[in-house]
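Biologist: Got a minute? I'd like a walk through this one. Please put it on screen.

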Amino acid sequence: LDEEVGLGGAAPRSPLSSSLGRALFVARADYRGDEALLSVPLAGGAATRLNPLHARGPEQGRVWSYASTPDGEQVVYLADQEHVGHLDLYAVPSDGSAAPLRLHDADSWSARVPLPDQTVDAEGASFRLTATGTHVVHLADPDANERHELFLAALDASSPALALGSGEGVLRGFALEPAGTQVVFLRSDEANVSALWRVPRDASAAPTRLSGARVAGGDVEAFT
């Protein structure tokens, strides 16, 4: 299914199949080239590139992570396709029938979505799609101080991103509870002591602390 990868190129990684009969993968032509997010029919056929070449040329740009909506119609991906090292979230039809939509205004805090942490899970947990596939919850750094907050963005970019009121210091590895109405996350304070919190996905209430009092020096390191 995959296109030929040139000398020094990356093999396809993290293939994802969808209900629409397509698979997604990332590859590059050679060690100098940018990374292409490709979609190919499972029945066979030509692969379609979903992300454009980097604005500065074919030797720049990387797709850091991606995920498809539950119906397989849309793909959300994290890439620095316009400014090297400035990561933005984009949504694009899985068949490449339309150009990608940046989910936020240019030069906004969206250019400071953090790199995914591959030690957390396959998607890195910089973003999570909602069960309906209409929105994405993600981390961003609006104050450029390396202390991230949670935001909700619509995949059609029809409205400004919503700050969930999580406060600063949210760590990678947050999760949506099964009903999709709450976001559960770890947040560290200025002393780098972490606690477990939840906040409504619609920001209708302030965050609630879930972890109780800890002994001196105690910390919450993970949750399941």
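Biologist: Which residue in E16 stands opposite Arg 198?

Modeller: Thr 208 does. Keep in mind that this is a predicted model.

Biologist: How many bridges join E15 to E16, and which way do the two run?

Modeller: Two bridges, and the strands run antiparallel. E15 covers residues 194–200.

Biologist: What sheet has E15 and E16 in its order?

Modeller: An open one of four strands. The order is E13-E14-E15-E16, with antiparallel pairing.

Biologist: Which strands are at the edges?

Modeller: E13, at 175–176, and E16, at 208–209. Each of these pairs on one side only.

Biologist: What holds strands together in a sheet, generally?

Modeller: Backbone hydrogen bonds pair them, in a parallel or antiparallel way.

Biologist: What about the loop between E15 and E16? Which residue there has a positive phi?

Modeller: Ala 203 lies in that loop. Its phi is near 60°, and Ala 203 is not a glycine.

Biologist: What sign does phi usually have outside glycine?

Modeller: Negative, for most residues other than glycine.

Biologist: And how does Ala 203 count for exposure?

Modeller: Partly exposed, because its relative accessibility is 28%. The buried class is under 20% and the exposed class is over 50%.

Biologist: Now Ala 157. What is its phi, and where does the residue sit?

Modeller: Phi is about 55°, so to speak on the positive side, in a residue that is not a glycine. Ala 157 is in the loop between E11 (149–154) and E12 (162–163). At 31% relative accessibility, Ala 157 counts as partly exposed.

Biologist: Switching topic. How many residues of E7 are buried?

Modeller: Seven of its eight. E7 spans residues 86–93 and is mostly covered.

Biologist: How does E6 pair with E7, and over how many bridges?

Modeller: In the antiparallel sense, over seven bridges. E6 runs over residues 74–83. Val 75 stands opposite Val 92 in E7.

Biologist: How many bridges join E7 to E8?

Modeller: Two, and these strands also run antiparallel. E8 is residues 101–102. Ala 91 stands opposite Leu 101 in E8.

Biologist: Zooming out, how many helices and strands does the protein have?

Modeller: Zero helices and 16 strands.

Biologist: What share of the residues is buried?

Modeller: Of the 224 residues, 43% count as buried. The accessible surface comes to about 11,000 Å², and 51% of that belongs to carbon and sulfur atoms.

Biologist: What part of the contacts comes from residues 24 or more positions apart?

Modeller: They account for 41% of the contacts with a separation of 6 or more.

Notes:
Residues numbered from 1 in each chain as written. Predicted model: local features only at pLDDT ≥ 70, side-chain atom pairs only at ≥ 80, totals over all residues. Heavy atoms only, no water. Pairing = 2+ DSSP bridges. Buried < 20%, exposed > 50% of the residue type's maximum accessible area, 1.4 Å probe, protein only. Contact = heavy atoms within 4.5 Å. Areas by Shrake-Rupley, 256 points an atom, 1.4 Å probe, with all protein chains shown as cover.
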